[in-house]
Amino acid sequence: MCADGLTVRAFVLLSFRRCVTISNKELHINEEIREKEVRVIGADGSQLGVMSSKDALAKAVEADLDLVLIAPQATPPVCKIMDYGKYCFEQAKREKEAKKNQKVIDTKEIRLGLSIDTHDFETKGNHAVKFIKSGDKVKVSIRFRGRELGHPEIGTEIMKRFAEYCSEVAVVEKPAKMEGRNMFMFLAPKPVK
């Protein structure tokens with residue numbers, strides 16, 4: 001039992017939950033700022049000097065804005081007078097824009113067999129070309145079964161043929177390699193010149 005009558009486990013859970021909520025918050029604003037003295041930057045970017053946090057908060061309230069602690073590690077800590085809601089909105093907008101500009105490259109897999117026929121080979125090749133043109137990488141695999149394990153050279157020939165079929169749009173990123181019962185090869189889009 002702890003001092004408040006809580007069990008040790010409940011105390012640990014409560015303190016953990018409290019720590020998590022504190023660590024999730026990004027910036028301290030207004031009354032959350034506990035420092036005695038802070039360096040204040042005005043809403044227009046001008047230096048207002050070092051003052052007590054109460055005086056800084058009074059200036060922010062006077063301007064109908066928020067006091068935000070932007071550099072707590074500085075000596076004295078730096079606060080800025082700004083519209084915190086607008087700042088958060090613009091920050092989220094910038095993050096969303098950055099996320100939109102990212103290109104996620106997926107790896108698609110094409111499975112071939114040792115006894116693949118011409119039409120099946122062309123169909124799989126056309127799928128690989130379509131994937132590569134859309135910006136994805138392609139993993140080409142052949143699974144060897146039973147006696148086929150004794151003839152890895154046939155798999156190597158099929159892989160070479162497949163790489164030649166896709167050579168207009170793709171380059172071989174990793175050449176054909178045997179791993180256990182499977183042979184793998186990776187194709188990537190050709191770099192844009």
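**Loop, sheets and cores in a predicted model**

Reader: In which loop of this structure does Asn30 lie?
Author: The coordinates come from a predicted model, and the elements named here are taken from it. Asn30 belongs to no strand of its own but is placed in the loop between E1 and strand E2 (37-41).

Reader: Is Asn30 buried or exposed?
Author: Leaving aside neighbours within four places in sequence, Asn30 is in contact with Leu57, Asp66 and Leu67. Its relative accessibility is 17%, and the limit for a buried residue is under 20%. Asn30 therefore counts as buried.

Reader: Which strands stand at the edges of the open sheet of 5 strands?
Author: The order of this open sheet is E1-E4-E5-E2-E3, and its pairing is mixed. An edge strand has a single partner strand, so one of its sides is left without a neighbour in the sheet. The strands in that position are E1 (28-29) and E3 (47-52).

Reader: Which residue of E4 is the bridge partner of His28?
Author: Strand E1 is joined to strand E4 (residues 66-71) by 2 bridges, and the two run antiparallel. Within this pairing, His28 has as its bridge partner in E4 the residue Leu69.

Reader: How many residues of E4 are buried?
Author: In the order of the open sheet, E4 is placed between E1 and E5. E4 is largely enclosed by the rest of the structure, because the count of its buried residues is 5 of 6.

Reader: Which residue of E5 does Leu67 stand opposite?
Author: E4 and strand E5 (residues 78-82) pair in the antiparallel sense over 5 bridges, and a hairpin through 6 residues joins the two strands. Leu67, which is also a contact of Asn30, stands opposite a residue of E5 that is included in the second, separate core of 11 residues. That residue is Ile81.

Reader: Which residues touch the most other members in the largest nonpolar core?
Author: This core has 22 residues. At least two of them are supplied by each of strand E6 (107-112), helix H4 (118-133), strand E7 (137-143), helix H5 (152-165) and strand E9 (182-189). The residues touching the most other members are Leu112, Val140, Phe162 and Leu187.

Reader: With which residues is Phe162 in contact, leaving aside its neighbours within four places in sequence?
Author: Phe162 is one of the buried residues of H5, and what covers the buried residues of this helix includes E6, H4, E7, strand E8 (170-179) and E9. For Phe162 itself, the contacts are Ile110, Leu112, Phe121, Lys124, Gly125, Ala128, Val140, Met185 and Leu187.

Reader: Within what arc do the buried residues of H5 fall, seen down the axis?
Author: H5 has 14 residues and reaches 20 Å from its first C-alpha to its last, close to the 20 Å expected. Its buried residues are Gly155, Ile158, Met159, Phe162 and Ala163. They line one face of the helix, because the arc within which they fall is 140°.

Reader: How far apart in space are Glu122 and Tyr165, C-alpha to C-alpha?
Author: Glu122 lies in helix H4 and is partly exposed, with a relative accessible area of 36%. In sequence, Glu122 and Tyr165 are 43 residues apart. In space, C-alpha to C-alpha, their separation is 8.3 Å.

Reader: Which residue of E9 is the bridge partner of Ile142?
Author: E7 and E9 run antiparallel and are joined by 6 bridges. In that pairing, Ile142 has as its bridge partner in E9 the residue Met183.

Reader: Which residue in the turn between E8 and E9 has a positive phi?
Author: E8 and E9 pair in the antiparallel sense over 7 bridges, with Lys174 standing opposite Phe186 in E9. The two strands form a hairpin with 2 residues between them. The turn residue with a positive phi, of about 65°, is Gly180.

Reader: Over which residues does pLDDT stay under 50?
Author: The protein averages a pLDDT of 85, and 87% of the residues score at least 70. Where pLDDT is low, the predicted coordinates should not be read in detail. The stretch under 50, for which the model has 2 contacts beyond four places in sequence, is residues 10-24.

Conventions: Residues are numbered from 1 along each chain as its sequence is written. This is a predicted model: local features need pLDDT of at least 70, side-chain atom pairs count only at pLDDT 80 or more; totals for chains, interfaces and linings use all residues. Side-chain values use heavy atoms; hydrogens and water are left out. pLDDT is the predictor's confidence in each residue, from 0 to 100. Contact means heavy atoms within 4.5 Å. A nonpolar core is a set of buried Ala, Val, Leu, Ile, Met, Phe, Trp, Tyr and Cys residues joined through side-chain atoms within 4.5 Å. Buried means under 20% relative accessible area, exposed over 50%, partly exposed in between (1.4 Å probe, protein chains only). Helices (H or I, at least four residues) and strands (E, at least two) are DSSP runs, numbered from the N terminus. The expected span of a helix is 1.5 Å times one less than its number of residues. The arc is that of the directions from the helix axis to the C-beta atoms. Two strands pair if DSSP finds at least two bridges between them.
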